[in-house]
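Please load the model in your viewer, and keep the sequence panel open beside it. The stops below can be selected one after another.

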Amino acid sequence: MPSAPQPDRAPVAPVSAEEVERNGSGAQALIGYHLDLTGADGAGRVILDIDDRHLNRHGSLHGGIVAMMLDAASGFAVSRASDGPVLPNVATVSLNTNYVAPARGGRRVTAVGHVTGGGRKVVFASAQLLDQDGTLLATASGVFRCIRA
């Protein structure tokens with residue numbers, strides 16, 4: 001089946017960490033998570049205060065939101081690992097997610113991503129989702145491609 005014509009879109013220019021934290025994305029605004037890209041360890045941190053809109057029918061944080069947070073934390077760690085004053089755009093090639101324990105409403109969870117290897121264009125990263133007490137809730141490992149504007 002032929003694909004529909006796509007409108008011409010200019011590439012999204014890389015931005016500074018401060019701009020990303022300040023402006024975010026549509027997905028970030030929809031879910032309501034916050035970014036912390038300030039750590040000296042180079043990690044990407046995604047923080048969410050869980051409320052009723054984030055819960056599945058079992059009363060725990062929806063697995064899709066867990067995966068989104070792990071993906072974002074890993075991707076931002078990859079962006080932060082690049083040279084230069086701006087964060088390059090990053091695309092997820094693959095993400096393997098492991099769910100360890102449920103996250104309940106009314107709690108704060110933080111996804112922390114770190115680069116684990118790779119080169120200039122293809123980078124490997126992993127992330128953990130922890131609750132406010134440090135309990136491990138989920139892990140992920142992924143492959144990311146840096147997109148130069």
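This tour goes from the whole chain to single residues and their partners.

Begin with the whole protein chain in cartoon view, bearing in mind that this is a predicted model. The chain holds three helices and six strands, and reading along the sequence gives the order α-α-β-β-α-β-β-β-β. If you then switch to a surface view, the accessible surface comes to about 8600 Å², with 53% of that belonging to carbon and sulfur atoms, while 36% of the 149 residues count as buried. Among the contacts in the chain with a separation of 6 or more, 59% are between residues 24 or more positions apart.

For one pair of residues far apart in sequence, select Asn-89, which is placed in strand β3 (residues 89-99), together with Ile-147. These two are 58 residues apart along the chain, yet their C-alpha atoms are separated by 5.2 Å. Asn-89 itself counts as partly exposed, at 23% relative accessibility.

Turn next to the charged side chains, where five salt bridges are counted. Select Asp-41 and Arg-45, whose side chains meet in one of these salt bridges at 2.7 Å, N to O; Asp-41 is partly exposed, at 42% relative accessibility. Then move to Asp-51 and Arg-53, another salt bridge, in which the closest N and O atoms are 3.1 Å apart. Here Asp-51 is partly exposed at 31% relative accessibility, whereas Arg-53 is exposed, with a relative accessible area of 55%.

Now select Arg-107 and Asp-133, and ask which parts of the chain this pair ties together. The two side chains meet in a salt bridge at 2.5 Å, N to O. Arg-107 lies in the loop between β3 and β4 and Asp-133 in the loop between β5 and β6 (136-147), so the pair ties together parts that are 26 residues apart in sequence. Arg-107 is partly exposed, at 24% relative accessibility, and Asp-133 is exposed, at 57%. Add Asp-131 to the selection, since salt bridges that share partners join Arg-107, Asp-131 and Asp-133 into one network.

For the last stop, return to the surface view and select Arg-120, Lys-121, Arg-145 and Arg-148, which form a positive surface patch. Center on Arg-120, found in the loop between β4 (108-118) and β5 (122-131); this residue is exposed, with a relative accessible area of 65%.

Definitions and conventions: Residues numbered from 1 in each chain as written. Predicted model: local features only at pLDDT ≥ 70, side-chain atom pairs only at ≥ 80, totals over all residues. Heavy atoms only, no water. Patch = residues over 30% accessible without salt bridge, like charges linked within 9 Å, V, L, I, M, F, W, Y side chains within 5 Å. Areas by Shrake-Rupley, 256 points an atom, 1.4 Å probe, with all protein chains shown as cover. Salt bridge = Lys/Arg side-chain N within 4 Å of Asp/Glu carboxyl O. Lys, Arg positive; Asp, Glu negative; His and termini not counted. Charge placed at Lys NZ, Arg CZ, Asp CG, Glu CD. Helix = DSSP H or I, 4+ residues; strand = E, 2+ residues; numbered from the N terminus. Buried < 20%, exposed > 50% of the residue type's maximum accessible area, 1.4 Å probe, protein only. Contact = heavy atoms within 4.5 Å.
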